[in-house]
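Here is a small set of exercises for anyone who likes to check geometry by hand. Please load the model, keep a distance tool ready, and try each task before reading its solution.

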Amino acid sequence: MFDSGGGQRQSTYKRGSNADLVRAMKRDMLEGYDHITFNPETGRLQLLTEILYQKRTSMFMRDTPSATFQEPETAKQVLKEIASVYHIFQVPFSVVQVHKCPYKSKGADHGEHEGWLHELAWSRAEKMKQELVKLGVPAEAVTAKAEIVSKTVIMQYCDFSMSFNHIAVNATSGVVSVDAGFEWEKRLYSRDHQDIPSAEFTNKEQVQEVLLEVIKLIKFYDCDMDVVIHKSYHKVFDDEHKQWLDELLDNRAERIKDELVDLGIKDSQVGSRVEQVEQDGAGIHFEIIHRTMGRTRTISGPKGPDHVLEVEGSGLNEFNGRYKPCGEACGKTKYRHERGSRETICFNHDNYWYMCYNHMPSKAIYKCRELAGLEQWKPTHSDHTGLVPIVKVVKLHDGVSTQRTDRTERTEVGLSDTGEDQSGSEASGSLSQGQSRSPVARQGSGGRLSVSFATDS
């Protein structure tokens, strides 16, 4: 009596008798793996290519139930893929050899034959374990098991003891949920002051523990991944508040992406986005993006303003500095000082631009019909004298939030009263190749013309 077979050879399907199961397994094949499928949600690893052994018999001169590979090179390739899964997840697992229960009508002692088959199955499982140890799997991490069943197509499989501490994986949808939200430094938004909507962790070590588990999935699937922050707010004070909240959430998504990159994942593998959800939960989830799914990760485009205003020369120093777009007033963009203070610039229905407090023209200090043109800003009150501001529009090279590196540089070109260049053949300050310069002129003291350049790299 020979041991019973089953499963599928590398080069043929004839031993895979259960067509539905074989089709399902082929559908679940993973990119980069030719011989196995693995479900991180359940820990079940299935072999698409059966490891074949030389036949043994229990008839007449009974063979010892030993295990010798029939196709050693094929067996080695299959076991290498199993070992690679272990090296990624580093959890204990069992390697199981399955055998069909013998028919009672075959004339031999049923109990004795079943025992021989069980010993043969265990010997084959032990052979796989020994080879896995040679491939770098610790002996204590893998257990050899034998299983006798009445019907089967799959002759070998592995069970990994998957237990994530911080995440849960839905292998069907590709969604990776987090059991607890990340803790962020508090940011204040009020009428008179708004903190810069930056994103910093208060529990960075715990965040890294979560992300290290996520990284295991990225490495296993060799996939792209989206960081998805949940947009959970429902009420806002005004459009400025909404824009501030959106920028805060975008920065948090980008901060998590940056942390994944710092932990070793390629920047090109990770995208980030903010998404409206009905049930917020932990406030974040991740999405596995298989390259064979016909979709790609979210391309992280510009998420901050594409320009800012720069004010200088004001007699009230608090109005000098950069202003970020923060919504609209009377159909035009309004601005607030980048430090989040009361100083604002807005347009009013009387067709004037105002430098004022909290977008209230009634509390304005300066006004002008042009935001950044040739017309000079003027005080709104006759009792106010002194220097008046100059406003310049600074285009940002890629729309990156102003909390990031300042990418503008300026240069001054000195001209004499007659208009002759006194600075030499080139303007002071250097510009790298490919950078463009947009000049903004202002009349200075002594007839000198100061020209500022905002570079666009």
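The exercises below go through salt bridges, aromatic rings, a helix and a sheet.

This is a predicted model, in which local features need pLDDT of at least 70 and side-chain atom pairs count only at pLDDT 80 or more, while totals for chains, interfaces and linings use all residues. Residues are numbered from 1 along each chain as its sequence is written, and side-chain values use heavy atoms, with hydrogens and water left out.

**Exercise 1. Find what joins E131 to K127, and say where the two residues lie.**

Step 1: apply the rule for a salt bridge, a side-chain nitrogen of Lys or Arg within 4 Å of a carboxyl oxygen of Asp or Glu. The closest N and O atoms of E131 and K127 are 3.6 Å apart, and the pair forms a salt bridge.

Step 2: place the pair. Both residues belong to helix α3 (residues 110–134), 4 residues apart, about one turn of the helix. Helices here are DSSP runs of H or I with at least four residues, strands are runs of E with at least two, and both are numbered from the N terminus.

Step 3: classify the accessibility, where buried is under 20% relative accessible area, exposed is over 50% and partly exposed is in between (1.4 Å probe, protein chains only). E131 has 19% and is buried, whereas K127 has 21% and is partly exposed.

**Exercise 2. Which parts of the chain does the D239 and K334 pair link?**

Step 1: the closest N and O atoms of D239 and K334 are 3.4 Å apart, in a salt bridge. Step 2: this pair links distant parts of the chain, with D239 in helix α5 (residues 239–262) and K334 in strand β13 (residues 332–337), 95 residues apart. Step 3: D239 is partly exposed at 33%, and K334 is buried at 8%.

**Exercise 3. Follow the salt bridges around R273.**

Step 1: R273 meets E275 at 2.9 Å, N to O. Step 2: widen the view, and D226, R273, E275 and E287 appear linked in a network of salt bridges. Step 3: for the total, the count comes to 18 salt bridges.

**Exercise 4. Classify the ring pair of Y352 and Y354.**

Step 1: recall that a pair of aromatic rings is described by the distance of the centres and the angle of the planes. Rings of Phe, Tyr and Trp (its six-membered ring) pair if their centres lie within 6.5 Å; planes under 30 degrees apart are stacked, over 60 edge-to-face, and the rest tilted. Step 2: the structure holds 18 aromatic pairs. In the pair of Y352 and Y354, the centres are 6.3 Å apart with 50 degrees between the planes, so the pair is tilted. Step 3: both Y352 and Y354 are buried.

**Exercise 5. Compare the expected span of helix α4 (residues 204–221) with its C-alpha ends.**

Step 1: the expected span is 1.5 Å times one less than the number of residues. Step 2: the 18 residues of α4 should span 26 Å, and the end C-alpha atoms are 26 Å apart, which agrees. Step 3: look just past the end, where D222 follows α4 with a positive phi near 50 degrees.

**Exercise 6. In what order do the 5 strands of the open sheet run?**

Step 1: strands pair if DSSP finds at least two bridges between them. Step 2: the order is β1-β2-β5-β3-β4, with mixed pairing. Step 3: the edge strands, β1 (36–38) and β4 (142–149), each pair on one side only. Step 4: β2 (residues 44–47) and β5 (residues 156–160) run antiparallel, joined by 3 bridges, and Q46 stands opposite Y157 in β5.
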